[in-house]
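User: Please take a close look at a single part of this protein, the surroundings of one histidine, and then follow the connections outward from there. A formal, connected account would suit me best.

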Amino acid sequence: MSDYLLMVLEDEAAHATESPKAVAELIDRRAKFADGLRRTGAFRDGGRLRPSKEGTRVHRARGELTVRSGPFGGEPRALAGWYWVDAPNTSEAARIAEACPVLAADEVQVHPIMKGRLVGD
């Protein structure tokens, strides 16, 4: 088994047009999704992030450090949450990601987590 990070990227503009009831239902479906992962033993950790307008970006380029408060315009989606899961392979981790409740404009990225210092760990 290997560890994977499922990164939930949301279209914040699309979410802002949803009713409070629809957002609450999405959050409830995600809680049930996490409960299902716990029952199967695949869930390691997870969480939901506050909107990007409450975040800060730290960027270093050519030796200069830039710190900028959100929101981070120009990007179609923002990191909104994550699930750290245990799966036998990338295909199974992607299958788990397919079951994650999201709106039509959102996406879930699947990233294997390195266990050591080398890419081939």
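Analyst: Apart from neighbours within four places in sequence, His15 is in contact with Glu10, Val23, Leu26, Leu103 and Asp106. The model in which these contacts occur is predicted. His15 belongs to helix α1, and its relative accessibility is 11%. Because a residue under 20% counts as buried, His15 is placed in that class.

Two of the partners of His15, Glu10 and Asp106, lead on to another residue. Arg30 also touches Glu10 and Asp106, together with Val8, Arg48, Tyr83, Pro101 and Val102, when residues up to four places away in sequence are not counted. Arg30 is located in helix α2. Although its side chain is that of an arginine, Arg30 counts as buried, with a relative accessibility of 8%.

Tyr83, one of the residues touched by Arg30, takes part in a ring pairing. Under the criterion applied, the count is one aromatic pair. Phe33 and Tyr83 form this pair with an edge-to-face geometry, at 5.0 Å centre to centre and with 85° between the planes. Phe33 lies in helix α2 (residues 20-40) and Tyr83 in strand β5 (residues 78-87), so the pair ties together parts that are 50 residues apart in sequence. The edge-to-face label follows because the angle is over 60 degrees. Both partners are buried: Phe33 has a relative accessible area of 11%, and Tyr83 has a relative accessibility of 8%. A further ring is involved in a different kind of arrangement, in which Arg38 lies over the face of Phe43, with 4.2 Å to the ring centre.

The residues just described also appear around the pockets. The second largest pocket has a volume of about 180 Å³. It is lined by 14 residues, and those closest to its centre are Arg30, Ala31, Gly47, Arg48 and Tyr83. Helix α2, strand β2 (43-48) and strand β5 each supply at least two residues of this lining. The most comes from α2, which gives five residues. By class, the lining of the second largest pocket holds eight nonpolar, three polar and three charged residues.

The largest pocket has a volume of about 310 Å³. Its lining consists of 15 residues, with Glu10, Glu12, Arg48, Arg50 and Pro51 nearest its centre. Two or more residues of this lining come from each of α1 (12-16) and β5. The lining of the largest pocket comprises eight nonpolar, two polar and five charged residues. Glu10, a contact of His15, is thus among the residues nearest the centre of the largest pocket. Arg48, which Arg30 touches, is listed near the centre of the largest pocket and also among the residues closest to the centre of the second largest.

These local details can be set within the protein as a whole. It contains three helices and six strands, which follow the pattern β-α-α-β-β-β-β-α-β along the sequence. Of its 121 residues, 27% count as buried. Among contacts between residues at least 6 apart in sequence, 75% join residues at least 24 apart. The C-alpha atoms fill a box of roughly 45 × 40 × 20 Å along the principal axes.

A few other positions complete the account. Most residues other than glycine have a negative phi, and most peptide bonds are trans. Arg62 has a positive phi of about 50° although it is not a glycine. Arg62 is found in the loop between β3 (56-61) and β4, and it is exposed, with a relative accessible area of 84%. The peptide bond from Gly70 to Pro71 is cis, with omega near 5°. Pro71 lies in the loop between β4 (64-69) and β5. In helix α3 (residues 90-98) one finds Ser91, which counts as exposed at 60% relative accessibility. The C-alpha atoms of Ser91 and Pro76 are separated by 26 Å, and these two residues are 15 residues apart along the chain.

How values were computed
Residues are numbered from 1 along each chain as its sequence is written. This is a predicted model: local features need pLDDT of at least 70, side-chain atom pairs count only at pLDDT 80 or more; totals for chains, interfaces and linings use all residues. Side-chain values use heavy atoms; hydrogens and water are left out. Rings of Phe, Tyr and Trp (its six-membered ring) pair if their centres lie within 6.5 Å; planes under 30 degrees apart count as stacked, over 60 as edge-to-face and the rest as tilted. Helices (H or I, at least four residues) and strands (E, at least two) are DSSP runs, numbered from the N terminus. Buried means under 20% relative accessible area, exposed over 50%, partly exposed in between (1.4 Å probe, protein chains only). A charge sits over a ring if NZ of Lys or CZ of Arg is within 6 Å of the ring centre and within 35 degrees of the ring normal. On a 1 Å grid over the protein atoms alone, a cavity is a set of points where a 1.4 Å probe fits but cannot get out, and a pocket is an open set with protein on both sides within 12 Å along at least five of seven lines; lining residues have an atom within 4 Å of a point. Grid points are joined across faces, edges and corners, and a volume is the space filled by probe spheres set on the points. Ala, Val, Leu, Ile, Met, Phe, Trp, Tyr, Cys and Pro count as nonpolar, Asp, Glu, Lys and Arg as charged, and the others, Gly among them, as polar. Contact means heavy atoms within 4.5 Å.
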